[in-house]
Amino acid sequence: MDDFTLLPDEVVVTRNDDVIYGNKTLFGNGSKGSLILTSKRLVLLKKGMLGKIKDVSSFALSDIIISNGQPQVQAQKRPFNPSMDVYFRNGEEHFRFTWPDEAAEFAAAVITTITGQEVKVVSSDERFMEGAVAAMEKINHLANRIRRTFGLESTETMSATCPGCGASLTGTDGETVKCPYCGSYHTF
Ligand SMILES: [Zn+2]
């Protein structure tokens with residue numbers, strides 16, 4: 001089988017030695033291998049039983065579809081089957097990783113290599129926290145609206161800066177207060 005050799009002007013960007021390529025069935029499995037991202041292509045080294053390389057596949061980065069300036073490379077961060085899906089002009093390829101963050105980081109590296117632009121990778125934990133905080137805020141807001149609707153006073157005080165003079169004002173969500181210093185109105 002072909003060996004993998006870098007072209008004279010090609011450099012390795014990153015690699016992952018625990019990638020599965022091909023369709024997953026109930027009992028496993030596509031083939032195991034190493035996925036190498038170079039400045040020009042994705043190289044998959046498929047390994048046989050004893051870890052020996054039995055096949056080398058090469059996918060040119062220039063064949064990846066670019067849509068609205070975005071290379072079509074997507075990380076699927078599902079916990080049990082994380083993958084990087086790459087859409088080439090002649091079809092799509094799926095590379096499966098052990099961990100969701102590995103798929104996300106590899107996909108970001110591919111995109112950065114193609115576009116030259118850094119991609120921020122949000123780890124699963126951060127993303128979860130962002131979602132949780134946003135959900136909490138939404139619930140809080142909703143609770144305040146319900147309290148107002150039923151004529152119950154919101155007990156939560158908020159502070160703001162007066163738009164007129166910069167003095168600090170306090171009030172409750174949805175309340176309109178008049179600034180004691182300059183007479184401006186502010187709605188919380
Ligand atoms: Zn004021």
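This is a short tutorial dialogue on reading a predicted model.

Trainee: Let's start with the sheet. What is the order of its strands?

Mentor: First, the general idea: strands of a sheet pair through backbone hydrogen bonds, either parallel or antiparallel. Here you have an open sheet of 7 strands, in the order β4-β3-β2-β1-β9-β8-β7, and the pairing is antiparallel.

Trainee: Which strands stand at the edges?

Mentor: Those are β4 (53–60) and β7 (73–76). Each has a single partner strand, so one side of each has no neighbour in the sheet. As you step from one strand to the next, the twist averages 30 degrees.

Trainee: Can we zoom in on one pair? How many bridges join β1 to β9?

Mentor: There are 2 bridges between β1 and β9 (residues 91–96), and these strands run antiparallel. To see residues facing each other, find I20, which stands opposite R96 in β9.

Trainee: Now the helix. Which strands does α1 lie across?

Mentor: α1 lies across β1, β2, β3, β7 and β8, and its angle to β2 is about 35 degrees.

Trainee: And the nonpolar core? Which residues have the most contacts inside the largest one?

Mentor: Look for L35, L42, M84, F95 and V110, in a core of 21 residues. The elements giving two or more residues to this core are β1 (12–21), β2 (31–38), β3 (41–47), β8 (83–88) and α1 (100–115). The most come from α1, with 6 residues. Apart from this core lies another, of 7 residues, including A160, C162, A167 and C179.

Trainee: On to the metal. Which residues coordinate the zinc ion?

Mentor: C162, C165, C179 and C182 do, each through its SG atom, at 2.3 to 2.4 Å. Along the chain, the donors follow the spacing C-x2-C-x13-C-x2-C.

Trainee: How do I read the geometry of such a site?

Mentor: Compare the angles with an ideal: for four tetrahedral donors, that is 109.5 degrees. In this model, the angles among the 4 donor atoms are 102 to 113 degrees, and the site is tetrahedral.

Trainee: Is C179 buried or exposed?

Mentor: C179 counts as buried because its relative accessibility is 3%, and the cut-off for buried is under 20%. C182, with a relative accessible area of 38%, is partly exposed.

Trainee: One last spot: where is N68?

Mentor: N68 sits in the loop between β5 (66–67) and β6 (70–71). Its phi is near 50 degrees, a positive value in a residue other than glycine. N68 counts as exposed, because its relative accessibility is 79%.

Conventions:
Residues are numbered from 1 along each chain as its sequence is written. This is a predicted model: local features need pLDDT of at least 70, side-chain atom pairs count only at pLDDT 80 or more; totals for chains, interfaces and linings use all residues. Side-chain values use heavy atoms; hydrogens and water are left out. Donors are N, O and S atoms within 2.8 Å of the metal (3.2 Å for Na, K and Ca); water is not among the atoms, so sites may look incomplete. Four donors count as tetrahedral if all angles lie between 85 and 135 degrees; four count as square planar and six as octahedral if opposite donors are over 155 degrees apart and all others between 65 and 115; anything else is irregular. Buried means under 20% relative accessible area, exposed over 50%, partly exposed in between (1.4 Å probe, protein chains only). A nonpolar core is a set of buried Ala, Val, Leu, Ile, Met, Phe, Trp, Tyr and Cys residues joined through side-chain atoms within 4.5 Å. Helices (H or I, at least four residues) and strands (E, at least two) are DSSP runs, numbered from the N terminus. Two strands pair if DSSP finds at least two bridges between them. Axes are lines fitted to C-alpha atoms, for helices over the stretch in contact, and angles run from 0 to 180 degrees between N-to-C directions. Contact means heavy atoms within 4.5 Å.
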